[in-house]
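Student: I would like a close look at a single part of this model, taken slowly and with its surroundings kept in view. Could you choose one helix and follow its packing from one partner to the next?

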Amino acid sequence: MPAAPDWFSRLAIIIAGVLGATGVAAAAGATHLGDDHILGSLSQIALTQAPAVLALGLMGGTSLLTRAATALIGLGALVFSADLAAIHFQGASPLPMAAPVGGSAMILGWLMLIPVAVLYRRS
């Protein structure tokens, strides 16, 4: 029987679940409410980042660099998605730099996976 996931893995799985559910809801909203520009973008970001965060969270026993990359991708996607949701529901973002910061965090997280792969050693 595999060991129970640690707190970080559980958090990554929770973030992936939130992103996945948000992405499906946004896709439905884009289709039924006709707001493909904002909700479609929100759906695309959430549904593309959720599986990555889930996979990284399920890796278990990962390095600090892998965890940092996972956190940047997951939290960046949450911030980016929340900003798009605020724009959809309120007409404007309460934090105008949230989407660029979230997007930059995701980009940095993805780039951090390059040294993770280069430095990976099977235990």
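Tutor: Let us take helix H2 in this predicted model, beginning with its packing against helix H4, where the two axes lie 13 Å apart and the angle between them is about 40°. That angle makes H2 oblique to H4, since an angle counts as roughly parallel only when it is under 35 degrees. The crossing of H2 and H4 is left-handed. On the H2 side the contact is made by Ile45, Gln49, Ala52 and Leu56, and these residues meet Met106, Trp110 and Leu113 of H4. Sorted by class, the contact of H2 with H4 comprises 6 nonpolar residues and 1 polar residue, with no charged residues.

We can now turn to the other partner, helix H1. The axes of H1, which covers residues 7–33, and H2, which covers residues 38–58, come within 7 Å and cross at roughly 160°. H1 and H2 are therefore roughly antiparallel to each other, the threshold for that description being an angle over 145 degrees. The crossing of H1 and H2, too, is left-handed, and by class their contact has 18 nonpolar and 9 polar residues, while charged residues are absent from it.

Within H2, a polar position worth examining is Ser43, which has its place in this helix. Ser43 is buried, its relative accessible area being 7%, which falls under the 20% cut-off for that term. Once its neighbours within four places in sequence are left aside, Ser43 is in contact with Gly23, Ala26 and Ala27.

From here the view can widen to the largest nonpolar core, which has 24 residues, and in which Leu19, Leu42, Val53, Phe80 and Leu113 touch the most other members. At least two residues of this core come from each of H1, H2, helix H3 (64–90) and H4 (98–119), and H2 gives the most, with 8 residues. Leu113, one of the residues in the contact of H2 with H4, is thus also among the core members that touch the most others.

Leu19 offers a second route back to the helix with which we began. Not counting residues up to four places away in sequence, Leu19 touches Ala46, Gln49 and Ala50, and also Gly74, Ala77, Leu78 and Ser81. Gln49, which Leu19 touches, is also one of the H2 residues that make the contact with H4.

Terms used: Residues numbered from 1 in each chain as written. Predicted model: local features only at pLDDT ≥ 70, side-chain atom pairs only at ≥ 80, totals over all residues. Heavy atoms only, no water. Axes fitted to C-alpha atoms, helices over the stretch in contact; angles between N-to-C directions. Helix = DSSP H or I, 4+ residues; strand = E, 2+ residues; numbered from the N terminus. Parallel < 35°, antiparallel > 145°, perpendicular 65-115°, else oblique. Left-handed = near helix turned anticlockwise from the far one by under 90°. Nonpolar A, V, L, I, M, F, W, Y, C, P; charged D, E, K, R; others polar. Core = buried A, V, L, I, M, F, W, Y, C linked by side-chain atoms within 4.5 Å. Buried < 20%, exposed > 50% of the residue type's maximum accessible area, 1.4 Å probe, protein only. Contact = heavy atoms within 4.5 Å.
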